[in-house]
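Colleague: Got a minute? I'd like to go through this structure with you.
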Amino acid sequence: MNRYEKEHIAKMSPKYRPIGAWGYFGYTLLFSLPIIGFIAWLICACSGSNINRRSFARSYFCAFLIGLIIALVALTIILAVSGAFKGGFNIENIMQSLQQFFAGLVEKIKGLVPQQ
């Protein structure tokens, strides 16, 4: 960053000042914390003190929702393929199917690892 850019940023209102790469990295770590991060996430997403921080918090929320939807779709596909829904929506049947699915997956992975 040259001198002109630094002077221009210093003259900007705090509301519009850019956040550096380390700032984004720090906010990512903060938002990843279980309870404290969620609270900080909500505060940053609703705060108007810095537009860039607010936009980043909102984009993090969108990424979280997309990840959650993908995880739920993947879980539904795994349950459907493993036959968990054959007797209706029974939690015992679903848990048994998940155990069988992951036990089979572990056995396949063990078969790929060379024995000593």
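**Aromatic rings and cysteines**

Modeller: Start with the aromatic cluster: Y24, Y27, F31, F38, W41, F56, Y60, F61 and F64 form a single one. Keep in mind that this is a predicted model.

Colleague: How many aromatic pairs does the structure hold?

Modeller: Eleven aromatic pairs. Take W22 and F25: their ring centres are 5.6 Å apart and their planes are at 90°, so this pair is edge-to-face.

Colleague: Where do W22 and F25 sit in the chain?

Modeller: In helix α2, residues 21–32. They are three residues apart, which means about one helical turn separates them. W22 is exposed at 71% relative accessibility. F25 is partly exposed, at 45%.

Colleague: And Y24 with F56, what kind of pair is that?

Modeller: Edge-to-face, with 5.0 Å from centre to centre and 70° between the planes. Y24 lies in helix α2 and F56 in helix α4 (residues 51–81), so the pair ties together parts 32 residues apart in sequence.

Colleague: Is F56 buried or exposed?

Modeller: Buried, with a relative accessible area of 17%. Y24 is partly exposed, at 28%.

Colleague: New topic. How many disulfides are there?

Modeller: Zero.

Colleague: Why is C46 not bonded to C44?

Modeller: Because their sulfurs are 9.6 Å apart, too far for a bond. C44 holds the closest cysteine sulfur to that of C46. C62 is in no disulfide either; its nearest cysteine sulfur, in C46, is 13 Å away.

Colleague: How exposed is C62?

Modeller: Partly exposed, with a relative accessible area of 43%. C46 is exposed, at 66%.

Technical notes. Residues are numbered from 1 along each chain as its sequence is written. This is a predicted model: local features need pLDDT of at least 70, side-chain atom pairs count only at pLDDT 80 or more; totals for chains, interfaces and linings use all residues. Side-chain values use heavy atoms; hydrogens and water are left out. A disulfide is a pair of cysteine sulfur atoms within 2.5 Å. Buried means under 20% relative accessible area, exposed over 50%, partly exposed in between (1.4 Å probe, protein chains only). Rings of Phe, Tyr and Trp (its six-membered ring) pair if their centres lie within 6.5 Å; planes under 30 degrees apart count as stacked, over 60 as edge-to-face and the rest as tilted. Helices (H or I, at least four residues) and strands (E, at least two) are DSSP runs, numbered from the N terminus.
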